[in-house]
Protein chains: 2
Amino acid sequence: MNAHDKVLGTALQLFTRRGYFNTSMRDITRESGVSTGSVYHYFKDKEGVASALYQQLVRRMQQELERIVAQHSSAHDQCRAVVELLFRICQQEPDVMSFMLYIRHREFLPKERPVCSSRPFEMMRDMVADGIRRGEIRPMDSLTAASCLFGGPIRLITLALDGILDKPLNECMDDAWACSWRAVAVS
Amino acid sequence: MNAHDKVLGTALQLFTRRGYFNTSMRDITRESGVSTGSVYHYFKDKEGVASALYQQLVRRMQQELERIVAQHSSAHDQCRAVVELLFRICQQEPDVMSFMLYIRHREFLPKERPVCSSRPFEMMRDMVADGIRRGEIRPMDSLTAASCLFGGPIRLITLALDGILDKPLNECMDDAWACSWRAVAVS
DNA sequence: GTCTATAATGAGATAGAC
DNA sequence: GTCTATCTCATTATAGAC
């Protein structure tokens with residue numbers, strides 16, 4: 001693993017566990033074993049580290065969602081696959097999930113658009129909008145429908161990340177998805 | 001308005017708009033018009049300001065929820081009243097809503113329990129648990145049910161706070177509530 | 001209770017050798 | 001590309017007069 005990636009990996013851990021502002025460049029160099037000089041060779045500044053990390057994770061999410069769109073044809077199947085993906089990431093790589101939808105990027109990445117406006121979230125809303133057009137999902141404002149469909153699962157994810165949930169997330173999958181789909185499905 | 005409350009009001013604005021770590025004690029004294037000495041007379045330190053603010057708002061939410069529990073008897077009516085309350089606060093006092101469910105308290109209030117474990121959130125889960133016992137809400141894990149019921153509205157609130165929502169939140173109320181209730185209601 | 005002046009610290013970032 | 005030593009500066013918090 002090269003120095004560049006070591007820094008990003010360490011930053012992901014520290015930013016999500018302690019928060020961006022509670023993590024000093026010193027912490028990053030110590031934990032990653034990469035010296036100050038090298039860190040600043042690869043990244044312009046501390047914000048540059050966060051920005052690179054953010055873009056890497058958004059790109060990855062986007063690719064995973066593109067695969068889902070390609071593999072499933074109905075809104076029902078696409079959205080369910082998205083929830084399964086989110087739950088899986090949350091369990092297997094909680095730091096990644098945490099950085100994607102828990103951290104307040106705006107406070108330290110003022111130049112980036114808010115996560116909710118990022119491609120992955122747009123794609124999720126597009127799935128729902130298509131579902132409405134096809135008559136799978138009740139006609140209503142698509143942003144409202146997307147919030148109702150994904151809001152429950154996202155809420156469960158934040159509870160899991162906060163350690164409030166007493167059982168593994170995937171055990172909630174069937175009930176949660178049944179509720180989500182019932183909320184918006186036609187008849 | 002006394003110095004104590006002026007500080008809390010200013011802190012609420014600055015913490016929610018710029019973030020806790022992007023707000024210096026200097027900012028608070030300048031914006032509130034209260035001098036450093038006075039701020040430190042009323043509060044132990046910066047964390048003390050945040051802590052007082054947090055407890056004030058949690059107490060307020062708790063009182064509002066107690067009123068709702070007293071005024072409505074079914075889980076349906078109680079939960080709907082909660083969503084109406086949350087939407088109203090989000091529109092009329094976005095800073096308050098932002099501080100309650102958007103800000104990452106854990107990063108600067110390590111001693112407080114996470115918001116999700118606070119009384120108001122517990123009360124919301126209790127309403128749902130009672131609804132299940134009474135047969136109004138489908139039998140399932142009550143945490144899952146509460147997430148499915150309130151997850152959609154909470155998601156809409158975060159979108160509104162992020163400025164993504166293009167219309168006023170209350171216009172989403174009827175659709176959102178219909179989805180929420182359909183998600184968990186019996187038959 | 002309120003104020004100003006200032007001390008003490010720790011952060012981000014740079015310089016420049018290797 | 002990598003490293004250590006160091007600079008610069010903003011921030012929190014205190015001291016002590018009024």
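Visitor: How many residue pairs are in polar contact between chain A and chain B?

Guide: In this predicted model, four residue pairs are in polar contact between chain A and chain B, both partners at pLDDT 80 or more.

Visitor: Which elements give two or more residues to the side of chain A that touches chain B?

Guide: Three helices of chain A do: H1 (3–18), H8 (142–161) and H9 (173–184). H8(A) gives the most, with ten residues.

Visitor: How do the residues on that side of chain A divide into nonpolar, polar and charged?

Guide: There are 19 nonpolar, eight polar and eleven charged residues on the side of chain A that touches chain B.

Visitor: How many salt bridges does the rule find across the interface of chain A and chain B?

Guide: The general test is a side-chain nitrogen of Lys or Arg within 4 Å of a carboxyl oxygen of Asp or Glu. Here the rule finds two salt bridges between chain A and chain B. One of them joins Arg106(A) to Asp162(B). Their closest N and O atoms are 3.9 Å apart. That pair counts because the cut-off is 4 Å.

Visitor: What is often given as the size of an interface?

Guide: Often, the accessible area lost when the parts come together. In this model, chain A and chain B bury about 3,500 Å² between them. Carbon and sulfur atoms hold 62% of that area. In chain A, Arg104(A), Arg155(A) and Arg182(A) lose the most area to chain B. Together they make up 17% of what that side buries.

Visitor: How many residues does each chain bring to the contact?

Guide: Chain A brings 38 residues, and chain B brings 38 residues.

Visitor: Now the DNA. Which residues come nearest to DNA strand D?

Guide: There are 13 residues around DNA strand D. Ser35(A), Gly37(A), Ser38(A), Tyr42(A) and Met25(B) come nearest. By class, the surface near the strand has three nonpolar, eight polar and two charged residues.

Visitor: Which helices supply at least two residues each of the surface near DNA strand D?

Guide: Helix H3 (36–42) of chain A and helix H3 (36–42) of chain B. H3(A) gives the most, with five residues.

Visitor: Which part of DNA strand D lies within 4 Å of the protein, by atom type?

Guide: Of the strand D atoms within 4 Å of the protein, 66% belong to sugar or phosphate, and the rest to bases. Look at the phosphate oxygens. One is 2.7 Å from a side-chain N or O atom of Tyr42(A). A polar backbone atom of Met25(B) is 3.0 Å from a phosphate oxygen. For Tyr40(B), a side-chain N or O atom is 3.2 Å from a phosphate oxygen.

Key. Residues are numbered from 1 along each chain as its sequence is written. Chains are lettered from A and ligands numbered from 1 in the order in which they are written. This is a predicted model: local features need pLDDT of at least 70, side-chain atom pairs count only at pLDDT 80 or more; totals for chains, interfaces and linings use all residues. Side-chain values use heavy atoms; hydrogens and water are left out. Contact means heavy atoms within 4.5 Å. Buried area is the accessible area (1.4 Å probe) that two parts lose on being put together, summed over both. A polar contact is a pair of N or O atoms within 3.5 Å; within protein, one must be able to donate a hydrogen and the other to accept it, and residues adjacent in sequence count only if both atoms are side-chain atoms. Helices (H or I, at least four residues) and strands (E, at least two) are DSSP runs, numbered from the N terminus. Ala, Val, Leu, Ile, Met, Phe, Trp, Tyr, Cys and Pro count as nonpolar, Asp, Glu, Lys and Arg as charged, and the others, Gly among them, as polar. A residue is near a molecule or strand if one of its heavy atoms lies within 4 Å of it.
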